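Me: Hi! I've just opened this one and would love a friendly walk through it. Could you show it first?

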Amino acid sequence: MPVQNAPNQPIASAPAVGKRPTPSSHLRVARPCRDLEVARRFWVDGLGLSTLWRSPPASQTEGGHELLMVGWPGAAWHVELVHVGGDETMPNPTEEDLLVLYVDGQIDPASVESLVQAGGRRVSHSNEYWNKWGVTIADPDGYLLVLCMRAWENQ
């Protein structure tokens with residue numbers, strides 16, 4: 001990952017001088033994580049994402065956190081897993097903390113088995129919509145991944 005020099009100020013000096021988010025802006029979903037290696041197994045070995053970047057130990061990072069970024073190369077999104085421990089905020093997922101991947105067809109059972117073998121746990125979702133249209137897997141920190149058989153396209 002190339003290092004970019006930070007600007008003097010994150011906000012431009014005047015309206016219409018700076019940039020606004022666009023449909024091609026990259027999206028990062030950040031989540032706390034108890035164990036980065038356990039999470040890496042789930043997301044990379046289980047789901048098939050790539051390790052896009054892994055930080056050095058927290059003591060050597062600018063923000064003081066050890067990070068793991070996973071995703072598909074070239075995608076407009078990635079998941080950032082932030083190692084937490086001690087007095088930091090531990091993962092506390094709710095039923096609506098979902099990461100949904102629309103696969104546009106029936107889900108390959110080998111994909112589900114791979115996620116379970118990599119530390120995930122298949123669960124029933126409280127919202128019947130997700131049980132009807134997909135498979136919900138809890139990641140090792142309890143956050144929910146839904147593989148949905150429907151298609152999705154922003155209109």
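Reply: Sure, and one term to start with: a residue is buried under 20% relative accessible area, exposed over 50%, and partly exposed in between, using a 1.4 Å probe and protein chains only. Helices (H or I, at least four residues) and strands (E, at least two) are DSSP runs, numbered from the N terminus. This is a predicted model, where local features need pLDDT of at least 70, side-chain atom pairs count only at pLDDT 80 or more, and totals for chains, interfaces and linings use all residues. Residues are numbered from 1 along each chain as its sequence is written, and side-chain values use heavy atoms, with hydrogens and water left out.

Me: Thanks! Which residues of α1 are buried?

Reply: In α1, the buried residues are L36, A39, R40, F42, W43, V44 and G46.

Me: What happens at the start of α1, and what follows α1?

Reply: At its start, a side-chain oxygen of D35 comes to within 3.0 Å of the backbone nitrogen of E37. After α1 comes G48, with a positive phi near 100 degrees.

Me: There's an arginine in your list. Why does R40 count as buried?

Reply: R40 has a relative accessible area of 19%, and the cut-off for buried is under 20%. Its side chain makes a polar contact with the side chain of D45, at 3.3 Å. A polar contact here is a pair of N or O atoms within 3.5 Å; within protein, one must be able to donate a hydrogen and the other to accept it, and residues adjacent in sequence count only if both atoms are side-chain atoms. Setting aside neighbours within four places in sequence, R40 is in contact (heavy atoms within 4.5 Å) with D45, T51 and L68.

Me: Let's zoom out. How many helices and strands does the protein have?

Reply: The count is 3 helices and 8 strands. From the N terminus, the elements run β-α-β-β-β-β-α-β-α-β-β. The C-alpha trace spans about 50 × 45 × 25 Å along its principal axes, and buried residues make up 30% of the 155 residues.

Me: How are the strands of the open sheet ordered?

Reply: The open sheet has 4 strands in the order β1-β4-β3-β2, with mixed pairing. β1 (27–33) and β2 (50–54) each have a single partner strand, so one side of each has no neighbour in the sheet. On average, neighbouring strands are turned by 25 degrees against each other, direction ignored. For that angle, axes are lines fitted to C-alpha atoms (for helices, over the stretch in contact), and angles run from 0 to 180 degrees between N-to-C directions.

Me: In which sense do β1 and β4 pair?

Reply: They pair in the parallel sense over 7 bridges; two strands pair if DSSP finds at least two bridges between them. L27 stands opposite W77 in β4. E80 also sits in β4, and E80 is buried, with a relative accessible area of 8%. Beyond its neighbours within four places in sequence, E80 is in contact with R28, V29, A30, R31, L67, L68 and M69.

Me: Which way do the side chains of β5 point?

Reply: L99 and L101 point to one face and are buried, while L98, V100 and Y102 point to the other and are not. In a regular strand the side chains alternate between the two faces of the sheet. β5 pairs with β8 in the parallel sense over 5 bridges, and L99 stands opposite L145 in β8.

Me: How many residues are in the largest nonpolar core?

Reply: There are 20, and those with the most contacts inside the core are W43, L47, V70, L81, L115 and L145. Such a core is a set of buried Ala, Val, Leu, Ile, Met, Phe, Trp, Tyr and Cys residues joined through side-chain atoms within 4.5 Å. The largest share, 5 residues, comes from α1. Apart from its neighbours within four places in sequence, L145 is in contact with F42, W43, L47, L99, L101, L115, V135, T136 and I137.

Me: And where is V112?

Reply: V112 is in helix α2 and counts as buried at 11% relative accessibility. V112 and G46 are 66 residues apart in sequence and 8.4 Å apart in space, C-alpha to C-alpha.
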